[in-house]
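Hi everyone, thanks for coming. Today I'd like to talk about aromatic rings and what sits beside them, so let's bring the structure up.

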Amino acid sequence: MSAKAKEKVFRGLMVGCAGLVIGLLLLLLGFVAVKGAGLLNWHFFSADFDDKTAYVEFENTGDLGFEVSVVDFDKSQYLEVTKVSKTSPAIGAETSNGEAFGVKKGDIIKKINSTDFESLTPTDYESFNASLGAEHVKMKITRPGEGIFPLMINTIYMIFLALLIALPISIFSAMFLAEYAKKNKFLKFIRFATGCLAGIPSIIYGLFGMLVFVTWLNMDFSLIAGASTLAIVLLPILIGQTEEALLRVPIALREGSYALGRTKLQTIFRIVLPNSISGIMVGVLLSIGRIVAESAALLLTAGTVARIPGSLSEGASTLTVRTYIVAKETGDIKMACAMGIVGIGLIIIVNLATSVVERYDKMRLM
């Protein structure tokens with residue numbers, strides 16, 4: 001076979017492989033979009049994940065002040081609130097323990113006083129509303145869930161806490177490796193160990209976190225246990241990226257600082273670190289992407305509770321953990337894909353931000 005023929009064959013092979021990769025990515029994104037895009041709305045982003053049922057009370061003024069329509073809910077037919085008047089007394093409804101729980105659009109009416117609202121029609125509701133006078137009203141309402149608001153908040157909490165723990169350790173470790181450690185076998189071993197840590201499966205980190213943080217340190221399944229485990233996961237990424245950023249600072253800047261009488265430590269904090277910020281930020285962004293995508297380590301340490309924790313010692317489920325639970329335990333592929341779209345969107349945003357910071361860093365060093 002001639003050289004030109006070989007070049008055409010290999011060029012075609014390369015183009016075919018590249019096309020296959022792009023096709024698979026588009027197929028993946030297309031599958032997730034087709035299955036889950038229909039669930040993306042304001043309720044999906046703002047509502048709690050679990051349904052919430054409450055018994056509320058308020059003083060009626062003669063008109064409940066909201067409109068309803070028939071909806072299928074919980075294998076039965078109920079009336080859903082479609083519009084609430086600004087003068088509706090139900091806006092000020094409270095639970096028996098004094099918690100504000102005003103009726104709002106989307107709530108499912110299950111019972112008012114002694115009247116069960118299952119299988120009632122809007123006409124029945126109008127007749128019932130007209131029969132009410134100025135009296136004390138008790139309602140049983142359910143606020144539908146299937147929203148990711150607490151999952152997004154939990155993910156943000158996890159990002160903040162994990163970086164709060166991992167970033168200082170990583171920066172000081174990288175400073176030692178780049179500025180103080182001697183170029184010997186011990187330094188090579190440290191870098192080799194760091195590289196090995198980066199390749200450990202996340203489930204192993206999860207098992208370690210469950211044994212150490214959840215069991216030995218009695219943290220239970222909690223936000224702090226998950227964040228502590230993630231901090232260990234992030235160390236190889238942050239240390240490697242920070243060390244690289246420190247080493248990219250020109251030697252001339254260090255020598256100029258020494259010539260002005262500054263110590264090594266002063267030079268690091270006043271010259272080297274400020275000129276490494278953009279490189280460190282790349283590591284931070286890569287770490288954020290890792291946190292958003294992480295599931296196995298958090299499943300075994302932070303738990304699967306789909307609500308916003310009241311403290312660091314409470315369990316908290318992130319977006320990807322709940323996506324796994326929804327797909328595996330409930331089999332709701334549409335919901336899992338909708339949550340997957342949000343996760344992919346976050347990863348894309350992080351990658352775009354990383355590209356911008358890397359471009360700025362290259363332009364700054366030119």
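Let me begin with a definition: a charge sits over a ring if NZ of Lys or CZ of Arg is within 6 Å of the ring centre and within 35 degrees of the ring normal. Keep in mind that what you see is a predicted model.

With that in hand, look at Tyr180: the charged end of Lys264 sits over its ring, 5.5 Å from the centre. Now turn to Phe101, where Arg143 lies over the face of the ring, at 4.1 Å from the ring centre.

Next, rings with rings. How many aromatic pairs does a search of the whole structure find? The search comes back with 4, and I'll walk you through two of them.

Here are Phe66 and Tyr125, a stacked pair with 5.6 Å centre to centre and 20 degrees between the planes. Phe66 belongs to strand β2 (residues 66–73) and Tyr125 to helix α3 (residues 122–131), so this pair ties together parts that are 59 residues apart in sequence. Are these two rings' residues buried or exposed? Phe66 is buried, with a relative accessible area of 4%, and Tyr125 is buried too, at 0% relative accessibility.

Staying with helix α3, we meet Phe128, which pairs with Phe117. This pair is edge-to-face, with 5.5 Å centre to centre and 90 degrees between the planes. Phe117 is in the loop between β6 (115–116) and α3, and the two residues are 11 apart. Both Phe117 and Phe128 are buried.

That's my tour, folks. Happy to chat!

Technical notes. Residues numbered from 1 in each chain as written. Predicted model: local features only at pLDDT ≥ 70, side-chain atom pairs only at ≥ 80, totals over all residues. Heavy atoms only, no water. Phe/Tyr/Trp six-rings, centres within 6.5 Å; stacked < 30°, edge-to-face > 60°. Helix = DSSP H or I, 4+ residues; strand = E, 2+ residues; numbered from the N terminus. Buried < 20%, exposed > 50% of the residue type's maximum accessible area, 1.4 Å probe, protein only.
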